[in-house]
Amino acid sequence: MADTYQPPFRSCVEEGEASCLMCSYNQVNGVPACARHDLLQKARDEWGFKGYITSDCDAVAIIHEDQNYAKSPEDGVADVLKAGMDINCGTYLLRYTESAVKLGKVQEEDIDRALLNLFQVQLRLGLFDGNPANRQYGHLGPANVCTLEHRKLALEAARQGIVLLKNDRNFLPLEKEELTSLAIIGPAANDTSILGGGYSGIPCNPRSFFDGLQAYIPKTSFATGCNDVPCESDDGFEDAIRVAREAEVVVVVAGLNLTEETEDHDRVSLLLPGKQMDLINAIAHISKKPLILVLMGGGPLDISFAKANPLIASILWIGYPGEVGGQVLAEALFGQFNPGGRLPVTWYPESFTKVPMNDMHMRADPSRGYPGRTYRFYTGEVVYGFGYGLSYSNYSYKFLSAPEHITLFDYSSQAHISREPQYAATKDGLDYMHIDKISCEALKFFTRISVVNRGDIDGSHVVLLFSKTMTQAKGSPKKQLIGFERVYVEAKGSTEIGFLIDPCKHLSTVNEEGERILIVGAHVLMLENLEHVLFIEK
């Protein structure tokens, strides 16, 4: 809880100054999240949260109706209000709060506290400061939708999101002047309705992948191959093979859409749906040149077969690119921009589906064959790891400045009264200090990094800085992300970036008691294969 699940929320509150938190459907150790007073109050008391807490939609109703945690609707309402929830997405508070008050289960002060939190945010938003039409956003209307500014933002988001997973023998980018024909295969290739993910708005002038490629190569042909994304039939294979045979280069669009993954609709497999893999292999076998595989979807896919197949030259993950998907894919394939995206999650093999989805343990447990979760703890094989992503260029790094030693004694909050920190401890031969007993602010340091583009193409590149400890401490992560920065580097050029490192946050770990500690000894800063060792000393 302290090491994985809470830090993202804590950073949103402390660094992002979030004004609303949502408590979830699930139970935490047998108690519904919206009824966990300790969790909700931690945000206010320890993180300085100043805002309101809402339930997920109908998360109050299920406390009584589905989870049977509360004996009655009124008990459910009382549980969440007394835990610190302020408003319900749903109708349970509307329907049962009055009767809960009459039954003595909810007091007036519980309602006053919720109203205070809600109206504080409304006051901060200026909702009582006069006619909203005369205020900051009062001028906004239909004319502010689908503007050129928004189109440019959609383009930049889609460009940054494309991840190049494979590019054998630098097959990409394609040379427009050298190509006479293209074929694009797949049910998503000419369907703009599936370019957006769940909860997407109405797109503005969407362009399909087929349209995007035709703008570069007029002689571009198209076949669905599968009737739809689930691809339960091979009825369209013959036509797709015919179209692919006639083209100089073939692009196959595969992967997922909202028939395969949405809220309340989980996948049961990490493999491509239905007969998609068969379609890809069939096209790869007959195409004149190794094909280009484009993957859609929001989650990981086990495409080990494509990764290992020499008949598939390049693989790009495009996610859900939105209204400009067709334009951006064509730009990427023809080198109008240099893909620089990184995978935001680990892509596991199909065998990972055997891990129970309700096992929330993060750390591996070999005694029961449990491989752990996420790049920080997972010990099994991966298809592609978290942060993976190629480019049309090659980049190298150099640490320009970073300390080699940090002495905790100098910055201990007890240093002025003790020759050695009183809160240093040793367990199982491991020396460490609790971070709440360290003057963390004084430990912070900047590291400067040189990024060199050794390729012939300018590129937008994401630098990921990781850390790990060389001490084999029980439960320590294999590595953990300190931060990332996107930089633009011209061909054969270089640039410098800096990271502010807080050892108490970025180099620490959590012990079995849920206490964050800083391990004494060697720590490593990592930029892909480049490492810098620094020693933390007492």
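This report describes a mixed sheet in a predicted model, the helices that lie on the sheet, and the packing of helix 9 with helix 10.

**The sheet**

Six strands make up an open sheet, in the order 5-10-9-8-6-7, with mixed pairing. Strand 5 (163–167) and strand 7 (220–223) are the edges; each has a single partner strand, so one side of each is left without a neighbour in the sheet. On average, neighbouring strands are turned by 20 degrees against each other, direction ignored. Strand 5 runs antiparallel to strand 10 (residues 312–319), and 4 bridges join the two. In this pairing, Leu164 stands opposite Leu316 of strand 10.

**Helices on the sheet**

Helix 10 and helix 12 both touch strands of the sheet, as listed here.

| Helix | Strands | Angle to one strand |
|---|---|---|
| Helix 10 | strand 6, strand 8, strand 9, strand 10 | about 170 degrees to strand 8 |
| Helix 12 (residues 325–333) | strand 8, strand 9, strand 10 | about 145 degrees to strand 10 |

**Helix 9 and helix 10**

Helix 10 (residues 276–286) also packs with helix 9 (residues 237–245): their axes come within 9 Å and cross at roughly 30 degrees. Angles under 35 degrees count as roughly parallel, and helix 9 and helix 10 are therefore roughly parallel to each other. The crossing is right-handed. Helix 9 contributes Phe237, Ala240, Ile241, Ala244 and Arg245 to the contact, while helix 10 contributes Asp278, Leu279, Ala282, Ile283 and Ile286. Of these contact residues, 8 are nonpolar and 2 are charged, with no polar ones.

Methods. Residues numbered from 1 in each chain as written. Predicted model: local features only at pLDDT ≥ 70, side-chain atom pairs only at ≥ 80, totals over all residues. Heavy atoms only, no water. Axes fitted to C-alpha atoms, helices over the stretch in contact; angles between N-to-C directions. Parallel < 35°, antiparallel > 145°, perpendicular 65-115°, else oblique. Left-handed = near helix turned anticlockwise from the far one by under 90°. Contact = heavy atoms within 4.5 Å. Nonpolar A, V, L, I, M, F, W, Y, C, P; charged D, E, K, R; others polar. Pairing = 2+ DSSP bridges.
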